[in-house]
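Student: I have a structure open in front of me and would like to learn how to read it step by step. Could you start with a pair of residues that face each other across strands?

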Amino acid sequence: MSDTPDIITVTDLVKRFGEVAAVDGVSFAIREGEVFGLLGPNGAGKTTAISMIRCLLTPTSGDVVVEGFSVLRDPMAVKRALGVVPQDIALYPTLTALENLRFWGRMYGLSGSLLEERVAEALALAGLADRAREAIEKYSGGMKRRINIAAGIMHHPRVLIMDEPTVGIDPQSRNHILETVKELNRRGMTVIYTSHYMEEVEFLCDRVGIVDHGSLIALGTIDDLKRLVGGENVISARVSDVPDGVLDALRALPDVDGASSAGQQDVAAEPSEGAGAEATLADAAGTTIEILSHDSGAVIASVVTVLTGFGVKVMSLDVREPNLESVFLHLTGKSLRD
Ligand SMILES: Nc1ncnc2c1ncn2[C@@H]1O[C@H](COP(=O)(O)OP(=O)(O)O)[C@@H](O)[C@H]1O
Ligand SMILES: [Mg+2]
């Protein structure tokens with residue numbers, strides 16, 4: 001893909017809110033036809049960066065060029081080139097899905113038979129054609145998000161920006177959304193996808209920029225990024241609980257390069273549909289502690305000693321290859337979900 005032209009160029013982009021540099025000098029380019037991921041924890045600056053690309057916020061300094069148009073000089077042309085699926089749902093709750101999509105279609109300048117064609121296409125893509133005449137307020141959170149996505153693609157933008165489109169929804173809608181992104185990309189759409197879920201980014205993205213505290217701390221293909229943790233493995237322990245101090249004790253072990261707890265905790269904490277069921281599942285399955293080590297064989301015994309010393313019950317233990325979560329841990333010393 002390296003000879004594919006760039007469709008978006010971000011140069012030295014900065015956004016300050018008072019003392020806070022939400023985006024702190026970020027540069028990258030997005031290639032035509034790729035799914036580009038922006039991965040980072042809550043507060044990393046993803047939405048702020050996206051908001052400048054889509055001309056909702058003016059940069060403090062720097063520039064973004066979309067299909068040759070600068071956000072500083074040609075914001076209208078930039079807006080026309082982009083489809084946007086915002087982090088917050090942008091639909092009228094009392095209107096039906098059909099009415100919402102017609103409204104958004106007209107906003108994009110569609111009318112007549114083309115409008116109806118695009119509405120039908122969008123409903124099919126959302127998998128909600130049979131529920132089109134129900135008011136959005138009767139929809140589940142996942143269904144609302146699917147219509148939100150449909151609304152963003154009716155004008156067939158060449159680039160689609162999606163800001164954390166799966167936060168707090170049921171697994172079925174989540175899978176539907178991930179498959180939709182793949183399908184849109186197969187049809188030729190360039191996609192920018194922000195998330196703090198590394199599994200989604202690993203599943204979807206050709207290239208990934210990892211952001212933390214407003215800075216881009218790594219950029220590359222998934223394989224490029226995994227090579228950053230070269231020679232390190234992840235010891236993954238299913239445990240009963242994570243008492244205060246246990247992660248620090250693990251980090252203090254020789255040959256341990258990082259430790260974090262991940263897994264079900266934040267899923268259960270989010271206001272998701274069926275949150276009750278997920279919380280029960282998480283309780284039954286415990287939590288996961290992940291330990292990054294360049295000599296996992298040598299540290300397993302001392303890891304178990306530390307855990308049992310804290311009264312933690314170890315339910316399973318395995319050693320695996322690094323993933324993007326490990327890359328983040330390696331680069332920042334903390335978990336994506338801390
Ligand atoms: N309008 C605003 N005013 C002040 N601070 C803001 C504003 N928007 C975002 N921030 C701050 O900027 C940082 C990045 O936020 P955001 O871009 O929303 O992160 P993310 O989308 O990665 O979760 C956070 O510290 C947030 O509190
Ligand atoms: Mg955000």
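Tutor: Let us begin with one such pair, in which Val14 stands opposite Ser61 in E4. Please keep in mind throughout that this is a predicted model. Two strands are said to pair when at least two bridges are found between them, and in this case E1 and E4 pair in the antiparallel sense over five bridges.

Student: Which strand is joined to E1 (residues 6–17) by nine bridges?

Tutor: That strand is E2, which runs antiparallel to E1. One pair to look for is Arg16, whose bridge partner in E2 is Ala21. The hairpin of E1 and E2 has two residues between the strands, and within this hairpin Gly18 takes a positive phi near 60 degrees.

Student: What is the order of the strands in the open sheet of four?

Tutor: The order is E2-E1-E4-E5, and the pairing is antiparallel. Strand E2 (20–31) and strand E5 (69–70) stand at the edges with a single partner strand each, so one side of each is left without a neighbour in the sheet. At the E5 end, two bridges join E5 to strand E4 (residues 61–66), the two strands running antiparallel, and in E5 the bridge partner of Val66 is Phe69.

Student: Now I would like to turn to the ligand. Which residues surround ligand 1?

Tutor: To read a binding site, we list the residues that have a heavy atom within 4 Å of the ligand. Around ligand 1 these are Phe17, Ala22, Pro41, Asn42, Gly43, Ala44, Gly45, Lys46, Thr47 and Thr48. By character, this shell divides into four nonpolar residues, five polar ones and one charged one. Helix H1 (residues 46–53) gives the largest share of the shell, namely three residues.

Student: Which residues have polar atoms at short listed distances from an oxygen atom of ligand 1?

Tutor: A polar contact is a pair of N or O atoms within 3.5 Å, and we can go through three cases. In the side chain of Thr48, an N or O atom is 2.5 Å from an oxygen atom of ligand 1. For Gly43, a backbone N or O atom lies 2.7 Å from a ligand oxygen, while for Gly45 a polar backbone atom is 2.9 Å from an oxygen atom of the ligand. As for cover, ligand 1 on its own has 560 Å² of accessible area, of which the protein covers 58%.

Student: How many of the eight residues of H1 are buried?

Tutor: Seven of the eight are buried, so that the helix is mostly covered, if we take buried to mean under 20% relative accessible area. They are Lys46, Thr48, Ala49, Ile50, Ser51, Met52 and Ile53. Just after H1 comes Cys55, which takes a positive phi of about 65 degrees.

Student: Why does Glu164 count as buried?

Tutor: Glu164 counts as buried because its relative accessibility is 3%, and the limit for this word is under 20%. Glu164 is placed in the loop between strand E7 (159–163) and helix H6 (171–186). Its side chain is joined to that of Lys46 by a polar contact of 3.3 Å. Leaving aside residues up to four places away in sequence, Glu164 touches Asn42, Lys46, Gln87, Arg145, Thr194, Ser195 and His196.

Student: Where is Glu34, and is this residue buried or exposed?

Tutor: Glu34 is in the loop between E2 and strand E3 (35–39), and with a relative accessibility of 0% Glu34 counts as buried. The side chain of Glu34 also makes a polar contact of 2.9 Å with the side chain of Arg207.

Student: How far apart in space are Ser296 and Glu19?

Tutor: Their C-alpha atoms are 42 Å apart, and in sequence the two residues are separated by 277 residues. Ser296 is found in helix H12 (residues 296–309), and its relative accessible area of 10% makes Ser296 buried.

Student: Which residue caps the N-terminal end of H13?

Tutor: The cap is Asn323, which has a side-chain oxygen 3.0 Å from the backbone nitrogen of Glu325. Among the buried residues of helix H13 (residues 324–332) are Leu324, Val327 and Phe328. After the helix comes Gly333, whose phi is positive, near 75 degrees.

Key
Residues numbered from 1 in each chain as written. Chains lettered and ligands numbered in written order. Predicted model: local features only at pLDDT ≥ 70, side-chain atom pairs only at ≥ 80, totals over all residues. Heavy atoms only, no water. Polar contact = N/O pair within 3.5 Å; in protein donor to acceptor, adjacent residues only side chain to side chain. Areas by Shrake-Rupley, 256 points an atom, 1.4 Å probe, with all protein chains shown as cover. Nonpolar A, V, L, I, M, F, W, Y, C, P; charged D, E, K, R; others polar. Buried < 20%, exposed > 50% of the residue type's maximum accessible area, 1.4 Å probe, protein only. Contact = heavy atoms within 4.5 Å.
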